[in-house]
Structures are given as structure tokens and as C-alpha cells.
Amino acid sequence: MWDERYAGDDYVYGTEPNDYLRAQADLFASGARVLCLAEGEGRNAVYLAEQGLEVVAVDASAVGLLKAERLAQARGVSIETQTADLADIDLGQEQWDGIVSIFCHLPPDVRQSLHQKVFDALKPGGLFVLEAYRPEQLLFKTGGPPRAEWMMTAEQLQEELAPLHFEQLQEMDRPIHEGRGHTGLGAVVQAVCIKM
């Protein structure tokens, strides 16, 4: 499905980074090693690489990641890409200074397992930055999955990411303009967590 969505020449979610990630990017130390989950066509990974970070973009779609590599080349930066299924991915042990999850919507059991892996994969002091749609997004119909259970709430994140310390956790409705994939008012949850 994602290969088909990303098959065209345009970038479905645009080429500019997510607004929330852009606002948090200076939290990462220069040269930090950052993993971008469900990175698609690369807009967030490329932006972080432009900030001097060492970025690995992972996604299930090889088509999307090829476009990510082209975007990086056009912007004069380098990213590493990895095609993988997040249901069974190995994120490693204490190897990331940061992990980024922007609109990474998965079945609840897969998401919960992935969030458990995030804690183990972060180095001490490592950051996890997330923005996702809340179930209320179904009312707006401006992007996101068609199933409420694939979306997230602040309460769920507190449970699933419990070993991490929350620096920020908030729910809000905000305007989102990210290509044709996300356009209009969005019901989101945002979080920045640190591994103490």
C-alpha cells in the first residue's frame, strides 16, 4: 500500500519537516545519531541531517526511501536508509542518541512492542520525540489512519513509554499543512521523553 502511495513524483507529505519536530530539533546535540521511524519519503530525516545529525531513516516502503535518498542528495546531505517492518524490527541496545516518531501509526500490539524497544534502544540521556494523531482525528478527516485504535492519546503514551521521563506531553488541535497527505486541522498528541 505504501509503495503505491509513494509511487508518484510528488512528495505525499511534502518535503518540509514536521512542525513539532522542527521545534524540538535543537534538543539533539551536534552529531547525534538519530533514528527516524516510519520515515516514508524522508522529509524529517533530511531536515535533521541538514542540522548536522547522523540520521538513519527506516520504513516499510523501499519506494518511499528511494525518494528520501533523492531528497537528501538534492539538499546536499547524507542519510542512511533501512527498509524494515516495524512489527519485528530490532532497534538495538543503547545505540541511539535520539529516536523520532512522526505520525507513525501502527496496530496497537505492534505500537506497544515498538515503544518498549525504544527504551532499550536509546542511550542514557537519549531523546524520543513523537507526534501522532489522537482518535478525535477521525472527525477532522484531514489525514491519518482510518482506525481510532491506531491513533494515540497522552494516557496511552504514559503507559507505553513508562520507563522514559516525559519532558513534554500534550494534546491539542493544530493546523497541519504537510503535502496533500496532511492538510487542515489535526487532533494530535505530542511528546518529548528522555532516558534517564
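Which residues does Leu65 touch, not counting those up to four places away in sequence? In this predicted model, the list runs to Gly40, Ala57, Asp59, Thr81, Gln82 and Thr83. Leu65 itself belongs to helix H4, which covers residues 62-75. With a relative accessible area of 2%, Leu65 is buried. One of its partners, Thr83, is 18 residues away along the chain, and the two C-alpha atoms are 7.5 Å apart.

Ala57 turns up again if you move over to Ala45. This alanine sits in helix H3, and its relative accessibility of 0% puts it among the buried residues. Setting aside anything up to four places away in sequence, Ala45 touches Cys36, Glu39, Val55, Ala57 and Ile79. So Ala57 is a contact of Leu65 and also of Ala45, a handy point for getting from one residue to the other. For a sense of span, try Met151: it is 106 residues from Ala45 along the chain, with 22 Å between the C-alpha atoms.

Now for the nonpolar interior. The largest core has 32 residues, and the members that touch the most others are Phe28, Val34, Leu48, Leu53, Val55, Ile79 and Val100. Two or more residues each come from helices H2 (19-24), H3 (43-50) and H4, and from strands S1 (33-37), S2 (54-59), S4 (96-102), S5 (122-133) and S7 (182-194). H3 supplies the largest share, with five residues. Phe28 is a good place to look around: beyond its neighbours within four places in sequence, it is in contact with Val34, Leu53, Asp97, Gly98, Val100, Leu127 and Val129. There is also a second, separate core of 28 residues, with Cys104, Leu164, Val189 and Ala191 among them.

On to the charged side chains. Side chains of opposite charge can pair when their charged atoms come close. The count here comes to 15 salt bridges. Take Glu54 and Arg33, whose closest N and O atoms are 3.3 Å apart. Glu54 is in strand S2 and Arg33 in strand S1, so this salt bridge ties together parts 21 residues apart in sequence. Both ends are partly exposed: Glu54 has 43% relative accessibility, and Arg33 has 22%.

Arg43 and Glu178 form another salt bridge, at 2.9 Å from N to O. Arg43 is in helix H3 and Glu178 in strand S6 (residues 165-178), which makes this a link between distant parts of the chain, 135 residues apart. Are these two buried or exposed? Arg43 counts as buried at 8% relative accessibility, and Glu178 counts as buried at 5%.

Strand S6 also holds Asp173, which reaches Arg134 in the loop between S5 and helix H6 (137-140), 39 residues apart in the chain. Their salt bridge is 3.3 Å from N to O. Here the two ends sit in unlike surroundings: Asp173 is partly exposed at 41%, whereas Arg134 is buried at 8% relative accessibility. Elsewhere, salt bridges with shared partners join Glu16, Arg22, Glu50 and Arg75 into one network.

Next, the rings. The structure holds two aromatic pairs. Some charged groups also lie over ring faces. Lys67 is over the face of Tyr11, 4.9 Å from the ring centre. Lys195 does likewise with Phe119, its charged end sitting 4.5 Å from the centre of the ring.

That leaves the cysteines. How many disulfides are there? The count is zero. Cys36, already met as a contact of Ala45, is in no disulfide, and the nearest cysteine sulfur, that of Cys104, is 11 Å away. Cys36 is buried, at 0% relative accessibility. Why does Cys193 have no bond to its closest cysteine sulfur? That sulfur belongs to Cys104 and is 14 Å away, which is too far for a bond, given that a disulfide calls for sulfur atoms within 2.5 Å. Cys193, too, counts as buried, with a relative accessibility of 0%. Cys104, the reference point for both of these distances, is the same residue listed in the second core.

Terms used. Residues numbered from 1 in each chain as written. Predicted model: local features only at pLDDT ≥ 70, side-chain atom pairs only at ≥ 80, totals over all residues. Heavy atoms only, no water. Helix = DSSP H or I, 4+ residues; strand = E, 2+ residues; numbered from the N terminus. Buried < 20%, exposed > 50% of the residue type's maximum accessible area, 1.4 Å probe, protein only. Contact = heavy atoms within 4.5 Å. Core = buried A, V, L, I, M, F, W, Y, C linked by side-chain atoms within 4.5 Å. Salt bridge = Lys/Arg side-chain N within 4 Å of Asp/Glu carboxyl O. Phe/Tyr/Trp six-rings, centres within 6.5 Å; stacked < 30°, edge-to-face > 60°. Lys NZ or Arg CZ within 6 Å of the ring centre and 35° of its normal.
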